[in-house]
Amino acid sequence: MSETPHRKPRILLGVTGSIAAYKSLELVKYLKSSAEVRVVLTAAGSRLVPENELKKASGFPVWTSLFKGATPIKPGTPGGSHPLAVVPHIEYAKTADLILIAPATADILGKLVQGLADDLLSTLCLYASCPIWAAPAMNVRMWNHPAVVSNRKILLARGVSFLGPDNGHLACGEVGDGRFAEPREIAFQVESHFRHFGEWTGKKVLVAAGPTREPLDPVRVITNHSSGKMGYALAQAALNRGAEVILVSGPTRLIPPAGIKTYWVETAEEMRNRVHRNFPKSDILIMAAAVSDYRPSRVSKTKLKKTSGGLTLRLRKNPDILAEALKNKKSSQIIVGFSAETDHLAQNALNKWKKKPCDILVANQVGKKGSGFGTDRNEILVFSRKNPKPLWFKNDLKSRLAEKLLDEINKF
Ligand SMILES: Cc1cc2nc3c(=O)[nH]c(=O)nc-3n(C[C@H](O)[C@H](O)[C@H](O)COP(=O)(O)O)c2cc1C
């Protein structure tokens, strides 16, 4: 990761040939409020968003060609430098703090994996030493194609971070994963990366996120609607501040940010083991997972058969991961717990806080449209040992709420 620069951060924005390319105009506008933005537009990208508009938006010429501006060395020139060494966009790439490819096509992901350098953007990605972030945008079938799935795994392992894609209506009329993340949200993550970078360097943060799945038989499970988005947003925010982050994740459709060690778990028991193994060496534990309170007393080895009558399930209590962590907590450690409530938010959360006195208890409203499980937004009530009264964070994007929660943790 690059150091926090004292000048304005320099972003090289790669715009590729996705149907969402026109949204890069809005993205540039947001990015420019905190960074200098230079645009590299691919040939396919230039068919979908006018170069001139990007020039106007960024305030700089748009780079489209590897060779434009390159001065060939005259034959016989002694010891002449390589022509590319004096090309302005190459010079800029040397000092860029971030390459952001948004939108990123399936094509550019494939090129990055292969190390191809057949145009300006792919060449600069190989050349620059700054982090690369990609905000993919493509049809859901392209996104789920085994080649693309494999490419993104390879890129993640190499440290490329992904922003999105979102799930929703796609330009082609289909619905699913592959939707370009909201430009405002992308810009927010970039800004947060530069604003807070280094603040939490040296801190170890353990985040548990997502639902758990308790098997009933080989095909059925007991689970809940948690998408993991709040926990992942917190993990990303801690990473943006330079912390070493470990994520223990239940089954979700989300891609963990690059640079985060992720353990995938299914059941509450597995989550408990992973959390407890990593808790002693963590400075902060954020239990944002929706852990199933109960599991079937007995897991059938074969699929339970339908009978003419009903079916009564016997359930047994799962371990309370948060309560156990509180018992083992050292005074230097900070624990943040979550309480999902459908009703009497404040009172129910306060009761939970009394029973499990974590440093911060976040009560979130679930079961309401536009907030809580499965959505990008949330509204939360924050009980903190550092505040005399609970704080109300009104309905906002989870990424923004994550930032505010980290600011609350900072008070300890
Ligand atoms: C109208 C149109 C929309 C497209 N939208 C996408 C898209 O959203 N995602 C994608 O991966 N490819 C999309 N493509 C295909 C890419 O433009 C194509 O793969 C191209 O080679 C990408 O080149 P680039 O990555 O250098 O920009 C689209 C093509 C057309 C004609």
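The domain assignment divides the protein into domain 1, comprising 10–75 + 83–195, and domain 2, comprising 199–294 + 314–409. The model under discussion is a predicted one. Taken over C-alpha atoms, the centres of domain 1 and domain 2 are separated by 32 Å. Each side brings residues to the contact: 12 residues come from domain 1 and 12 residues from domain 2. On the domain 1 side, α8 (146–157), β5 and α9 (183–196) each contribute at least two residues to the face that touches domain 2. Helix α9 accounts for the largest share of that face, with five residues. Sorted by class, the side of domain 1 that touches domain 2 consists of four nonpolar, five polar and three charged residues.

Attention now turns to a sheet and the helices that accompany it. Five strands form an open sheet in the order β2-β1-β3-β4-β5, and their pairing is parallel. The edges are occupied by β2 (36–41) and β5 (161–162), each of which pairs on one side only. Strand β5 therefore has two roles in this description, since β5 is an edge strand that pairs on one side only and also supplies at least two residues of the side of domain 1 that touches domain 2. Within the sheet, strand β3 (residues 98–104) and strand β4 (residues 132–136) run parallel and are joined by four bridges. One position on this pairing is L100, which stands opposite W133 in β4. Helix α3 (residues 51–58) packs on the sheet and touches β1 and β2, with a direction that makes about 170 degrees with that of β2. Helix α1 (residues 23–31) lies across β1 (10–15), β2 and β3, and runs at about 175 degrees to β1.

The ligand is the next subject. Around the ligand there are 15 residues, of which T16, G17, S18, A44 and T105 come nearest. Two helices, α2 (43–46) and α5 (106–114), each provide at least two residues of this shell. The largest share, three residues, is supplied by α5. In terms of class, the shell around the ligand holds eight nonpolar residues, six polar residues and one charged residue.

A further group of strands is centred, for the purpose of this account, on β8. How much of strand β8 (residues 204–209) is buried? Five of its six residues are, so β8 is largely enclosed by the rest of the structure. Strand β8 is joined to strand β11 (residues 244–249) by six bridges, and the two run parallel. Within this pairing, L206 stands opposite I246 in β11. Strand β8 also pairs in the parallel sense with strand β13 (residues 284–287), over four bridges. Here the bridge partner of V205 is I284 in β13.

The last position to consider is T307. Where is T307 placed? T307 lies in the loop between β14 (294–296) and β15 (315–317). This residue counts as exposed because it has 7 C-beta neighbours inside 10 Å, and the exposed class requires 12 or fewer. Relative to L100, which stands opposite W133 in β4, T307 is 207 residues away in sequence and 56 Å away in space, C-alpha to C-alpha.

Technical notes. Residues numbered from 1 in each chain as written. Predicted model: local features only at pLDDT ≥ 70, side-chain atom pairs only at ≥ 80, totals over all residues. Near = placed C-beta within 6 Å. Nonpolar A, V, L, I, M, F, W, Y, C, P; charged D, E, K, R; others polar. Pairing = 2+ DSSP bridges. Contact = placed C-beta atoms within 7 Å. Axes fitted to C-alpha atoms, helices over the stretch in contact; angles between N-to-C directions. Buried ≥ 20, exposed ≤ 12 C-beta atoms within 10 Å, placed from the backbone. Domains from an automatic or database assignment.
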